[in-house]
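Reader: I'm new to this one and would like a close look at a single part. Could you pick the place where two helices meet and walk me through it, then show me what else is worth seeing around there?

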Amino acid sequence: MACNPEDLIAMAAGAKEKAYAPYSRFQVGAALLTAGGKVYTGCNIENASYSLTTCAERVALFQAVAAGEREFVALAVVGGDLAACFPCGACRQVLAEFAPELEIITGQPGGPVHRRSLKELLPDTFTLK
Ligand code: THU
């Protein structure tokens, strides 16, 4: 990884501070590392119509894709003050569309790093191909 896991977690923690989560009060930040070494971040953005909420992971991915990126290496997630916060099922499926080989990292700044492959988190992924 061009950027170390601790740095990626620190960037996710920074993005978490931007979260708009007045309903759940659970703030999440994500930092997505591209194959070219750039990092795109995202935070959760909630809505009064609860189901319209978008998770931090998808905000980071969509920012990156909208900027023209297509290849991703690793994603760090920081959720509230949890020791580990892995992406929800919906985000796993969306991430798999672009990066089936993605490495997922979660933790808190200064704490232990938890690592899984997206393949471990979403085995037998649905695909049309
Ligand atoms: N959330 C994320 O941002 N990522 C996840 O992987 C799971 C949940 C957000 C959605 C909502 O704003 C809050 O966390 C509580 O569910």
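Author: Let's begin with how the two helices cross: H2 and H3 do so in a left-handed way. Keep in mind that this is a predicted model. On the residue side, H2 brings Glu-57, Arg-58, Leu-61, Phe-62 and Val-65 to the contact, while H3 brings Ala-90, Cys-91, Val-94, Leu-95 and Phe-98. Sort those residues by class and you get eight nonpolar ones, two charged ones and no polar ones.

Now for the geometry. H2 covers residues 56–66 and H3 covers residues 89–98. Their axes come within 10 Å and cross at roughly 20 degrees. Angles under 35 degrees count as roughly parallel, so H2 and H3 are roughly parallel to each other.

Stay with Glu-57 for a moment, because it leads on to the ligand: Glu-57 belongs to the H2 side of the helix contact, and it's also among the residues that surround the ligand. The others there are Ser-24, Phe-26, Val-28, Asn-44, Glu-46, Thr-53, Cys-55, Ala-56, Phe-86, Pro-87 and Cys-88.Some of these residues come with distances to oxygen atoms of the ligand. For Glu-46, a polar side-chain atom lies 2.5 Å from a ligand oxygen. For Asn-44, an N or O atom in the side chain is 2.9 Å from a ligand oxygen. With Ala-56 it's the backbone that takes part: a polar atom there is 3.0 Å from an oxygen atom of the ligand.

One last stop is Gln-108, which sits in the loop between strand E4 (103–106) and strand E5 (114–117). A polar atom of the Gln-108 side chain lies 3.0 Å from the backbone oxygen of Gly-80. Setting aside neighbours within four places in sequence, Gln-108 is in contact with Ile-9, Val-78, Gly-79, Gly-80, Asp-81, Leu-82 and Ala-83.

Terms used: Residues numbered from 1 in each chain as written. Predicted model: local features only at pLDDT ≥ 70, side-chain atom pairs only at ≥ 80, totals over all residues. Heavy atoms only, no water. Axes fitted to C-alpha atoms, helices over the stretch in contact; angles between N-to-C directions. Helix = DSSP H or I, 4+ residues; strand = E, 2+ residues; numbered from the N terminus. Parallel < 35°, antiparallel > 145°, perpendicular 65-115°, else oblique. Left-handed = near helix turned anticlockwise from the far one by under 90°. Contact = heavy atoms within 4.5 Å. Nonpolar A, V, L, I, M, F, W, Y, C, P; charged D, E, K, R; others polar. Near = heavy atom within 4 Å. Polar contact = N/O pair within 3.5 Å; in protein donor to acceptor, adjacent residues only side chain to side chain.
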